[in-house]
Amino acid sequence: MFNLEKTWVSTKNRIFLALLILLVFAANSQHITQQGTINNCYVPLAESIIAGDGYTFPLFDGLPATYPLWGYSFLVAIDYSLSAGFIILLAVQAFLAFVGIYYFYKIFELRPRPLHFLFLIPFIALMSVKWPDAIAGFLILPYIYYSKRYFDDKRWATMILSGIFLGILVNFRSEFILLPIMQLGMIAVPVFWKHRKGLAIHSAIVFAITIVSIAPWAVRYSTVSGQMGLTSSNGGAVVYISLGQLPGNPWGIVPLDRSAFDYARSVGIDNPYSAKGDSALKNEFTRLVSEKPMAYLKKCGYNLLSVIRGGVYTGEYASLAIDYDRRYEINDAIRNQSGMMAKADYLFDLPPSESISIVCEKVLQFAFVPVMFWLLFRFAGNFARPSGGNVQLFWLLASVVIYKLAVVSLVQYEYRHINAIYLLLLGIALSDKFGRKRSK
């Protein structure tokens, strides 16, 4: 696949990285983010698959489920069939974290340094959580690596391999399905225009492979719902509740799942994540946005500002010291406090054993806020002046970063969503391959 010795020159570095991955996975083993989805969707799906009852769970009342996508569901089913208690699943994700960092160093041709490893914590934290974001966060790296190989050697085999990785990715997180279209559009940027032929071929072939890869899901979706769908049927719920991310939004929407349930049931639909519920919520989203387009633009701007000031997911290490249900209770209470000072007051009013552990966790999270600001600043600075020999690679990296920022702005922002592009931004900042050369 690639020469490990040239990538990882020190056995000490390999051991240090492996220990860091194990430490982060162990410390974040009691994470709660998105675990309601695991327990209420993926585990029942795994039970249904193993029992031979088909791809369904209670929310769909025995009918074929069109949400969530099946990529992560089958990984959970493999773990569940062996009664592994997520050990196999997390072992796979830990291994992918290790391999993903190898890809990171190969893409940017960086020499590994111990100081780098501290900056790798957000990626490792992403990989340590039981969610499809982990697999997607890994798969974007081999997609970029083999695309880079294609730009270097012009071999169709490497381009096809890159498309296969993106095709697998969209079976875990479908929002990346339009990435090749975005990449085609970016060819029009003057600095990329002289490479338009090779970039256009790459985008077209990768898009074709991606569509073929998601086709089995699309056929099944059409068969069981009578509607066309290349993604899972939660998109309507996501875009609808995301309108509530604008503080004081004119639609009066609270950005929580219950808002999607409330609207769906108000129009006689029990399950907002069904194909029928998906269509109804998308139609309502379109109606609300068309009535108040300026408010929607404000929501997009607010989400983009949240990216700049929000940092990335770094882990939930305080959960080691706090009971699972109690941590949910504390998180809800903090979320309901109005303003940072009120949140801080609530936090420091907690028993010391709880407040100290949460404060330490938040300190790490906040430490990466200026890091992310620096990475975004470096990216913006490099965008207009990539060096001649790396324009194609920068086109690839920039398209993924901009695409993800657009999705987060136009649809839904959560700081965990930015982890998918964190390593790309970090590599651009650390490398001297783009823009003005740095002195060594």
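Colleague: How many cavities of 30 Å³ or more does the structure hold?
Modeller: Do keep in mind that this is a predicted model, where local features need pLDDT of at least 70, side-chain atom pairs count only at pLDDT 80 or more, and totals for chains, interfaces and linings use all residues. Residues are numbered from 1 along each chain as its sequence is written, and side-chain values use heavy atoms, with hydrogens and water left out. On a 1 Å grid over the protein atoms alone, a cavity is a set of points where a 1.4 Å probe fits but cannot get out. With the 30 Å³ limit, the number of cavities is one.

Colleague: What volume does the largest cavity have?
Modeller: Rolling a probe the size of a water molecule over the atoms shows where empty space is left. Grid points are joined across faces, edges and corners, and the volume is the space filled by probe spheres set on the points. For the largest cavity this comes to about 60 Å³.

Colleague: How many charged residues are in the lining of the largest cavity?
Modeller: Lining residues have an atom within 4 Å of a point, and they include Asp 133, Arg 173, Phe 176 and His 417. Asp, Glu, Lys and Arg count as charged; Ala, Val, Leu, Ile, Met, Phe, Trp, Tyr, Cys and Pro as nonpolar; and the others, Gly among them, as polar. Beside four nonpolar residues and one polar residue, the charged ones number five.

Colleague: Which helix gives the most to the largest nonpolar core?
Modeller: A nonpolar core is a set of buried Ala, Val, Leu, Ile, Met, Phe, Trp, Tyr and Cys residues joined through side-chain atoms within 4.5 Å, and the largest has 130 residues. Buried means under 20% relative accessible area, exposed over 50%, and partly exposed in between (1.4 Å probe, protein chains only). Helices (H or I, at least four residues) are DSSP runs, numbered from the N terminus. With 14 residues in this core, the top contributor is H5.

Colleague: How many of the 22 residues of H5 are buried?
Modeller: H5 reaches 32 Å from its first C-alpha to its last, close to the 32 Å expected (1.5 Å times one less than its number of residues). H5 is largely enclosed by the rest of the structure because its number of buried residues is 16.

Colleague: What phi does Glu 109 take just after H5?
Modeller: Most residues other than glycine have a negative phi, and most peptide bonds are trans. Glu 109 is found in the loop between H5 and H6 and counts as exposed, at 53% relative accessibility. Although Glu 109 is not a glycine, its phi is positive, at about 50°.

Colleague: Where does Pro 68 lie?
Modeller: The peptide bond that leads from Tyr 67 to Pro 68 is cis, with omega near -5°. As for its place, Pro 68 sits between helix H3 (35–51) and helix H4 (70–81), in the loop.

Colleague: Is Tyr 221 buried or exposed?
Modeller: Tyr 221 lies in helix H12 (residues 196–225). Leaving aside neighbours within four places in sequence, Tyr 221 is in contact (heavy atoms within 4.5 Å) with residues including Thr 66, Met 228 and Asp 278. Because its relative accessible area is 3%, Tyr 221 is buried.

Conventions:
Helix = DSSP H or I, 4+ residues; strand = E, 2+ residues; numbered from the N terminus. 1 Å grid on protein atoms, 1.4 Å probe; cavity = no way out; pocket = protein on both sides within 12 Å on 5 of 7 lines; lining within 4 Å.
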